[in-house]
Amino acid sequence: MNSTPLWLSSLTLAAAGGWLAATMFAAPATSKEPRFPQLTLDQLDAKQKPLGEQIMKVSSVGIGGPYNPMIRSPVLGQRLFDLFYYLRWETSVPTKLNEFAILIIGRQWRSQVEWFAHAPLAAKAGLSSDIIAELKANKRPSKMAEDETAVYDFVTELTTTKKVSDETYARAKKLFNDQQIVDLTALAGNYVMVAMLLAMAEETVPPDKQEPFRPGEP
């Protein structure tokens, strides 16, 4: 982490900005005190600071999003940071499909921050606006390519039925190798955890931005 290549640093900063800018200055929807007041680097203790410094290397806006609660447990936080780093920047899954899988989880959880941050990243990676819109409307996207269909069915089935059928696995296996299947599975589980952290910490979008999911919508 301490010797990140320049090109990867630039890529990381661009994408991290989309993810973390969504949460750096976020406040709960109510007027009550935040569960986890936003931390800055100079507020960290000796156990937290090494992780905080690593976060700052890939974040242009500070210790935001799930980093803010998870740094309260610095040993766990370091291990999660390493996992996040792999699943975002070093995974074997193509970026478009990776971001699609994150959106699937974000939609299942109605995670305002995950969707707010990752919908633009998915679009930038080449996921069509129709797929994003239909998924946001809680519909199965109607015009998916073969690899997109495989990801949608694999992730959705795994997270809703708690298993992957032989048919769904076989379709995924035709398109993805073993590493990609394992990485995709880990990504889905990871972003369930991220959604849980965000929900528990009551993170939301910046005050001047509209939440993606409105009250009363499916």
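**Figure 1. Overview of the predicted model, a protein with ten helices and zero strands.** The model is predicted, and from the N terminus on its elements run α-α-α-α-α-α-α-α-α-α. Of the 218 residues in the protein, 47% are buried. Among the contacts with a separation of 6 or more, 71% are made by residues 24 or more positions apart. The accessible surface of the protein comes to about 10900 Å², and carbon and sulfur atoms account for 58% of that area.

**Figure 2. Close-up of the salt bridge between glutamate 99 and arginine 88.** The two side chains meet at 3.2 Å, taken from N to O. Because glutamate 99 belongs to helix α5 (residues 95-108) and arginine 88 to helix α4 (residues 74-90), the pair ties together parts that are eleven residues apart in sequence. Glutamate 99 is buried, with a relative accessible area of 3%, and arginine 88 is likewise buried, with a relative accessible area of 10%.

**Figure 3. Close-up of the salt bridge between aspartate 153 and arginine 171.** Here the N to O distance between the side chains is 3.1 Å. Aspartate 153 lies in helix α8 (residues 146-161) and arginine 171 in helix α9 (residues 166-175), so this pair ties together parts that are 18 residues apart in sequence. Aspartate 153 is buried, at a relative accessible area of 13%, whereas arginine 171 is partly exposed, at a relative accessible area of 31%.

**Figure 4. Close-up of the salt bridge between lysine 173 and aspartate 178.** The side chains of lysine 173 and aspartate 178 meet with an N to O distance of 2.1 Å in the predicted model. Lysine 173 counts as partly exposed, with a relative accessibility of 37%, and aspartate 178 also counts as partly exposed, with a relative accessibility of 47%. Elsewhere, Lys32, Arg35 and Glu202 are joined into one network by salt bridges that share partners. The count for the protein comes to seven salt bridges.

**Figure 5. Close-up of glutamate 157, a buried residue that has no salt bridge.** Glutamate 157 has its place in helix α8, the helix that also holds aspartate 153. For glutamate 157, the nearest side chain of opposite charge is that of arginine 171, which is 5.8 Å away. A salt bridge requires a side-chain nitrogen of Lys or Arg within 4 Å of a carboxyl oxygen of Asp or Glu, and at 5.8 Å from arginine 171, glutamate 157 therefore has no salt bridge. Arginine 171 does meet aspartate 153 in a salt bridge. When neighbours within four places in sequence are left aside, glutamate 157 is in contact with Lys162, Lys163, Val164, Ser165 and Thr168.

**Figure 6. Close-up of valine 155, a buried residue in helix α8.** The relative accessible area of valine 155 is 1%. Not counting residues up to four places away in sequence, valine 155 touches Ala101, Ile104, Ile105, Leu184 and Ala188. One of these contacts, leucine 184, lies 29 residues from valine 155 along the chain, and the C-alpha atoms of the two residues are separated by 7.9 Å.

Methods. Residues are numbered from 1 along each chain as its sequence is written. This is a predicted model: local features need pLDDT of at least 70, side-chain atom pairs count only at pLDDT 80 or more; totals for chains, interfaces and linings use all residues. Side-chain values use heavy atoms; hydrogens and water are left out. Helices (H or I, at least four residues) and strands (E, at least two) are DSSP runs, numbered from the N terminus. Buried means under 20% relative accessible area, exposed over 50%, partly exposed in between (1.4 Å probe, protein chains only). Lys and Arg count as positive and Asp and Glu as negative; His and the chain ends are not counted. Contact means heavy atoms within 4.5 Å. Accessible areas come from the Shrake-Rupley method with a 1.4 Å probe; for residues, only the protein chains shown count as cover.
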